[in-house]
Amino acid sequence: MKGIIDELKSELGSVTLVAVSKTKSNEDIMKVYDLGVRDFGENYVQELVSKMDTLPQDIKWHMIGHLQTNKVKELVKRNIYLIESVDSIKLAKEINKEAIKNNKVVNILIEVKISNDINKTGCSVEDLDYLINEANNLSNIKLLGLMCIAPLTDDEDKIRSSFKEMKKIKDKYKLELLSMGMSSDYRVAIEEGSNIVRIGTKIFGERNYNR
Ligand SMILES: *Cc1c(COP(=O)(O)O)cnc(C)c1O
């Protein structure tokens with residue numbers, strides 16, 4: 001594992017590495033933690049919350065999975081570092097409401113559905129303007145940037161053009177963060193201007209969902 005983390009660190013430079021640890025045990029996470037990684041990403045609230053409650057408090061937790069409004073409270077009352085998967089005004093308002101209750105400001109990214117895949121989550125490019133404006137008007141959330149998942153394809157040109165479009169949108173709204181790139185496409189993402197990559201399989205190996 002040390003070899004992979006060292007390799008990623010030198011390859012990534014100033015790009016933030018988020019180690020995606022969904023389905024992985026606390027022991028596995030601690031191995032990566034002990035190599036100096038502090039940003040971890042999770043998809044499921046229950047799993048995330050139990051890890052937040054047991055693992056070191058200096059971990060910066062990124063919520064990267066689809067988030068239901070009724071689960072927001074659990075994340076906001078704990079120290080969630082960044083919610084990357086905000087895709088509706090309803091969700092943004094709920095996060096804001098809980099943030100006010102807890103007297104804090106919660107950092108968010110808006111997840112963009114960059115490929116026209118009907119199965120994908122995220123805000124459509126058409127609705128983005130509205131969501132960004134609304135999010136910027138909420139007192140206790142801070143919109144820092146955008147996140148996307150590349151289209152599911154082996155066609156690198158398609159993936160690259162999606163990433164290019166994301167970079168354009170990020171620049172248009174003068175946002176700071178752009179979270180794109182996973183194990184199979186992070187190099188392309190960085191070439192196209194990503195500054196956060198979310199890497200699971202390359203670090204931890206394949207996931208087993210029916211443990
Ligand atoms: C699981 C997941 C990742 C990590 O994917 P790998 O291919 O294992 O690197 C990144 N982003 C999101 C949103 C994910 O759900």
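This report describes the surroundings of the ligand and the state of two cysteines in a predicted model.

**The ligand site**

The ligand sits in the largest pocket, where the residues around it are Val 20, Lys 22, Asn 43, Ile 64, Ile 149, Met 182, Ser 183, Arg 198, Ile 199, Gly 200, Thr 201 and Arg 207. Sorted by character, the residues of this shell divide into 5 nonpolar, 4 polar and 3 charged. Among the shell residues, Lys 22, Gly 200 and Thr 201 each place a polar atom at a short listed distance from an oxygen atom of the ligand, as set out in the table.

| Residue | Protein atom | Distance to a ligand oxygen atom |
|---|---|---|
| Lys 22 | N or O atom in the side chain | 2.7 Å |
| Gly 200 | polar backbone atom | 2.8 Å |
| Thr 201 | polar side-chain atom | 2.5 Å |

On its own the ligand has 390 Å² of accessible area, and the protein covers 90% of that area.

**The cysteines**

With a disulfide taken as a pair of cysteine sulfur atoms within 2.5 Å, the count comes to 0 disulfides. Why is Cys 123 without a bond to another cysteine? The closest cysteine sulfur to that of Cys 123 belongs to Cys 148 and is 13 Å away, which is too far for a bond. Seen from the other side, Cys 148 is likewise in no disulfide, since the nearest cysteine sulfur, that of Cys 123, is 13 Å away.

Are these cysteines buried or exposed? Cys 123 counts as buried because its relative accessibility is 4%, and Cys 148 is buried as well, with a relative accessible area of 0%.

Notes. Residues are numbered from 1 along each chain as its sequence is written. This is a predicted model: local features need pLDDT of at least 70, side-chain atom pairs count only at pLDDT 80 or more; totals for chains, interfaces and linings use all residues. Side-chain values use heavy atoms; hydrogens and water are left out. A residue is near a molecule or strand if one of its heavy atoms lies within 4 Å of it. A polar contact is a pair of N or O atoms within 3.5 Å; within protein, one must be able to donate a hydrogen and the other to accept it, and residues adjacent in sequence count only if both atoms are side-chain atoms. Accessible areas come from the Shrake-Rupley method with a 1.4 Å probe; for residues, only the protein chains shown count as cover. On a 1 Å grid over the protein atoms alone, a cavity is a set of points where a 1.4 Å probe fits but cannot get out, and a pocket is an open set with protein on both sides within 12 Å along at least five of seven lines; lining residues have an atom within 4 Å of a point. A molecule sits in a cavity or pocket if more than half of its atoms lie within 2 Å of its grid points. Ala, Val, Leu, Ile, Met, Phe, Trp, Tyr, Cys and Pro count as nonpolar, Asp, Glu, Lys and Arg as charged, and the others, Gly among them, as polar. Buried means under 20% relative accessible area, exposed over 50%, partly exposed in between (1.4 Å probe, protein chains only).
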